[in-house]
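Dear colleague,

I am passing on the structure we spoke about, together with some notes on what was found in it. Please keep the structure open beside this message while you read.

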Amino acid sequence: MTTLDPISTPSCPLVRSTSTVVPPTETTPSFLIDPKNKSYKHQYANIYFTRLTMLRSAVEERARVRWDGLQSEPLHVARVLDIVKSQLCWVIGTVYMDMPLKPNVLEDIGRDHSIPAPPPREKFYCDEDSVMLEDESGRIKLVGDRVSEERLVTGVIVAALGMETPTGDFEVVDMCTAGLAIFAEEEILGSDAMDVDVDLSSTRDEYVAVISGLSIGSPSPADAQIQMLVEYLTGEAGGPEDQQLASQITRLIIAGNSLSLEEYNEEGEDEKRPRKFGASTQANFSPHPNLALSAHLHDLISALPVHILPGEDDPSGIILPQQPFPRAMFGKAATFESFYCESNPAWLRVRCDETESSIPNEGRTSSSKSNHPPVTRSLLVTSGQPVLDMYKYLPTPPSSLVSIAASTLRWRHVAPTAPDTLWCHPYRDRDPFVLRQTPDIYLVGGMPEFGTKLVGSEDGSGRAGRCCRIVLVPSFSQTGILVLVNLRTLEVQCVYFGVEGLSAGGGEQQPSGDDGDAMAEG
């Protein structure tokens, strides 16, 4: 008679690790629009003037450190129109990309609306593009190999070192941006602590789980993978090792595109109306996907805290920053205090306290204090619209989605192309997308593929040695990927969900519940 092997069970009961949301400080960025500032009568030019004012001092400080020691002693010019011909100087301004293929609102208004609009371009980039530098006084054209090497987009604040040519252009020899801002949170480990030999197998680091693009209600739904995801996060699926890792996940972040965008059919009763400048295809949302999403959220929130952000395909305003979903649309899930509706972008401060850790030892369990001190991490989360918009400006290769996300940290701006080709709120006296602080973790949802990178300071400032972890989160409905970020070490893991014989939304089939290797920084 055949005997079955006993089902392996954990040596000790598993308890989910916890983390808490720390209240924001006075310097914590906020992307919420209060009722008194919900006005659309202001001109968008105010954003560019405000952005230049907010970042000018940081760019100037870094430029002086970089260029003041030159033998030629370049002159600092306060305004673009004050540039002196045939003299080496440097000036600070806002980049404007003059691109023939970029959408033009005037052309959209003046065209014949009886003719369907052409489909959106995948890229605005072409060889005829030119780079301008402008401020409140005027504009000048930047030329030279150094300009193309910098891979700029509209809205970036830079300092350009060079000389005006007889034709009126500015020949650039070097460029400087603001660089990384100070980190929002204090350093948790010193150099001495890093030298301590710690047995990682006996520690329980806390993780934050991130997904994007559930796309519930799409023509090719990933219902099976989503159900497996829910069972994995609630500890109902997988072996002991899978359940051990799942118990270390302290919270889940859903970075946009939870619902699918249902487009009008060409042969339907509703005709496709002409799309305005920069507008997405008109959407028709059915209530049934929302009920399915609410049911999944209810199951998840009973096990761990959940943060949900709106995305481009979700029933939310298209302009950035997208405001939080109304809690009432999620039914019973909204009754939990551990359910958070966030804006897009969102800035979160998460704290992991020092806890007792249970360490298995030859069948016995002993409790000992964790070697890890309390840690607070700042997380900047977006649903991906700014990065995807900047991707249209640059040639690929050499640019990539990861390098573009890293550039936003060095530019100290999350969405520099807004409001040129990316819709945003017409702020008058502030630009909320300016980064006064650098987060520890930068999560970008809505990406076509997974990617990660560690970004550190390139100068010799006090920020040297500290890094920000960038994570590109792909669409779950297409890839079946759940991303785990270690809140203490900033290491990244991927968990793949798949069903034999099926693929998630037409994406590449992956083994069910297998842990991906930690991605090396690069």
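The notes below begin with the whole chain and then turn to one helix and one sheet.

Please bear in mind from the start that this is a predicted model. The chain contains 10 helices and 21 strands, and 49% of its 522 residues count as buried, taking buried to mean under 20% relative accessible area. About 25,600 Å² of the chain is exposed, and carbon and sulfur atoms supply 50% of that area. If you take the contacts in the chain with a separation of 6 or more, 76% of them are accounted for by residues 24 or more positions apart.

The helix to look at is α9, which covers residues 401-411. Because 10 of its 11 residues are buried, this helix is largely enclosed by the rest of the structure. The buried residues are Leu 401, Val 402, Ser 403, Ile 404, Ala 405, Ala 406, Ser 407, Thr 408, Leu 409 and Trp 411. What do the buried residues of α9 pack against? Their neighbours include two helices, α1 (45-67) and α8 (385-391), and they also pack against the strands β16 (441-447), β17 (451-456) and β18 (467-474). After the helix comes Arg 412, which has a positive phi, near 60°.

The three strands just named also belong to an open sheet of six strands, whose order is β1-β12-β15-β16-β18-β17 and whose pairing is mixed. At the edges stand β1 (20-21) and β17, and since each has a single partner strand, one side of each is left without a neighbour in the sheet.

Going through some of the pairs, β12 (residues 346-352) and β15 (residues 375-382) run antiparallel and are joined by seven bridges, with Ala 346 having Val 381 in β15 as its bridge partner. The strands β16 and β18, by contrast, pair in the parallel sense over five bridges, and here Tyr 442 has Ile 470 in β18 as its bridge partner. On to the edge strand β17: it pairs with β18 in the antiparallel sense over six bridges, and Val 455 is partnered by Cys 468 in β18.

Is β18 mostly covered or mostly uncovered? Seven of its eight residues are buried, and the strand is therefore mostly covered. As you follow β18 on the screen, you can find the buried residues of α9 packing against this strand, while β16 and β17 pair with it within the sheet.

With best wishes

Note on methods:
Residues numbered from 1 in each chain as written. Predicted model: local features only at pLDDT ≥ 70, side-chain atom pairs only at ≥ 80, totals over all residues. Heavy atoms only, no water. Helix = DSSP H or I, 4+ residues; strand = E, 2+ residues; numbered from the N terminus. Buried < 20%, exposed > 50% of the residue type's maximum accessible area, 1.4 Å probe, protein only. Contact = heavy atoms within 4.5 Å. Areas by Shrake-Rupley, 256 points an atom, 1.4 Å probe, with all protein chains shown as cover. Pairing = 2+ DSSP bridges.
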